[in-house]
Amino acid sequence: MADSKKWVVMATAQTPTNIAVIKYWGKRDETLILPVNDSISVTLDPSHLCTTTTVAVSPGFEQDRMWLNGKEISLSGGRFQSCLREIRSRACDVEDKEKGIKIEKKDWEKLHVHIASYNNFPTAAGLASSAAGLACLVFSLAKLMNLKENPSQLSAIARQGSGSACRSLFGGFVKWIMGKDENGSDSLAVQLVEEEHWNELVIIIAVVSARQKETSSTSGMRESVETSLLLQHRAKEIVPKRMVKMEEAIKNRDFSSFAQLTCADSNQFHAVCLDTSPPIFYMNDTSHRIISYVEKWNRSEGSPQVAYTFDAGPNAVLIARNRQVAAQLLQRLLFFFPPNSDTDLNSYVLGDKSILHDAG
Ligand code: ADP
Ligand code: DP6
Ligand code: CO
């Protein structure tokens, strides 16, 4: 390691968020973050909803520190510590010949990092900020510390930061395999189909409310596991069958099945929230009106044109079968749900599913 306390080595990464079409809701192990069922998501276009994280290391840093959206946050939580520990244990030699800096594998245990992260979309509002955020943290640290692990192996580390984060290390459609192993080694994300697959789909997000939700996903799903019988039935009986059908629908670009499964799974996830004691309400009146509108439109067309799904928040993620439908959808949304009207709807984000040309 170079002697000077003045050198700094940095790495930056950008990671998009992902939205589940078969939802993860419930853990069988809280510390390792092992889920009660498999899930499938679509990663969004990074130009719209993404996290950008810069990590720096210097012998002058006296402790690990992190800033989120410009404010310092504590890294003392178990999840951040798990990610940092797992990454440090896999760190490799790093050499910058031009600057005369060499960091050896053993040095990483003593060196501290500073982390600055920005979300370009609302944090903790049900748009999966924990997914983009923790995936980006793991990816940027892995880049800084020169890890040799592949994206699936990194996903098992990101999973320990936030479950949904494991799926943000790939573009396109991604599956989180729940795994069987109780130490979590086989609970990781894999790419379902190549990233370019089914690129006609267009995703429109209606930001119904950018406010921070009252119940975090972590505590919401803990309460559901403790109190909802519907969750048990869903995890054991419903999701395994739905996973098979959803994988088939995606591979065959079968929009009717895809939309039917996506909407049903979102509705069942919110039914589990209602079945929780005390009940959790993530959707609001505007969310319900958007569901009714899309259902009516799909019925009037004779086959589904648009799928809807809502994460743990009131914001609608709408997936249009192609560009023409997306244009119509946006027009209709702007007419029936105009921004800044008496609803608290304030913006629309239009994006494709993502192709991560350069995850760095
Ligand atoms: P969301 O629906 O936005 O994922 P969650 O309740 O799952 O909401 O998680 C929100 C939490 O995720 C935040 O309070 C914060 O602790 C963490 N988080 C969000 N963005 C980042 C980020 N860029 N870097 C690190 N942690 C983040
Ligand atoms: C509704 O991954 O945010 O978005 O693992 O406790 O961090 P933790 O929870 P988180 O939960 C996401 C729940 C969901 C569905 C999904 O993304 O699959
Ligand atoms: Co989250």
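Here are some notes to help you find your way around this predicted model.

1. **Around ligand 1.** A good place to start is the shell of 21 residues around ligand 1, in which Ser129, Ser130, Gly133, Ser216 and Ser217 come nearest. Two elements, β11 (112-119) and α2 (129-144), each give two or more residues to this shell. Helix α2 gives the most, with six residues. By class, the shell around ligand 1 holds nine nonpolar residues, 11 polar ones and one charged.

2. **Around ligand 2.** Turn next to ligand 2, which has 15 residues around it; Ala20, Tyr24, Ser162, Gly163 and Ser164 come nearest. Six residues of this shell are nonpolar, seven are polar and two are charged.

3. **The nonpolar core.** The largest nonpolar core takes in 97 residues. If you would like to pick out its best-connected members, look for Ile87, Ala135, Val138, Ala158, Val306, Leu318 and Ala320, which have the most contacts inside it. You will meet α2 again here: the largest share of this core, 11 residues, comes from that helix.

4. **A closer look at Ile87.** Which residues does isoleucine 87 touch, once its neighbours within four places in sequence are left aside? The contacts are Val138, Leu141, Ala142, Met145, Leu147 and Ile157. Of these, Val138 is also among the residues with the most contacts inside the core.

5. **A four-stranded sheet.** Do trace the open sheet whose strands follow the order β2-β5-β12-β13, with antiparallel pairing. Its edges are β2 (18-22) and β13 (188-191), each of which pairs on one side only. On average, and ignoring direction, neighbouring strands in this sheet are turned by 35° against each other.

6. **The β2 edge and its helix.** Strand β2 runs antiparallel to β5 (residues 39-43), and four bridges join the two. Within this pair, isoleucine 19 stands opposite valine 42 of β5. Helix α5 (residues 229-251) lies across β2, β5 and β12 (173-177), and it runs at about 115° to β2.

7. **The β15-β16 hairpin.** Is strand β15 (residues 306-309) covered on one face or on both? Both faces are covered: Val306 and Tyr308 are buried on one side, as are Ala307 and Thr309 on the other. A hairpin of six residues links β15 to β16. Strand β16 spans residues 316-320 and runs antiparallel to β15, with four bridges between them. One pairing to look up is alanine 307, whose bridge partner in β16 is isoleucine 319. The hairpin also brings us back to the core, since Val306, Leu318 and Ala320 are among the residues with the most contacts inside it.

Note on methods. Residues are numbered from 1 along each chain as its sequence is written. Chains are lettered from A and ligands numbered from 1 in the order in which they are written. This is a predicted model: local features need pLDDT of at least 70, side-chain atom pairs count only at pLDDT 80 or more; totals for chains, interfaces and linings use all residues. A residue is near a molecule or strand if its C-beta atom, placed from the backbone, lies within 6 Å of it. Ala, Val, Leu, Ile, Met, Phe, Trp, Tyr, Cys and Pro count as nonpolar, Asp, Glu, Lys and Arg as charged, and the others, Gly among them, as polar. A nonpolar core is a set of buried Ala, Val, Leu, Ile, Met, Phe, Trp, Tyr and Cys residues joined through C-beta atoms within 7 Å. A residue is buried if 20 or more other C-beta atoms lie within 10 Å of its own, exposed if 12 or fewer, and partly exposed in between; C-beta atoms are placed from the backbone. Two residues are in contact if their C-beta atoms, placed from the backbone, lie within 7 Å. Two strands pair if DSSP finds at least two bridges between them. Axes are lines fitted to C-alpha atoms, for helices over the stretch in contact, and angles run from 0 to 180 degrees between N-to-C directions.
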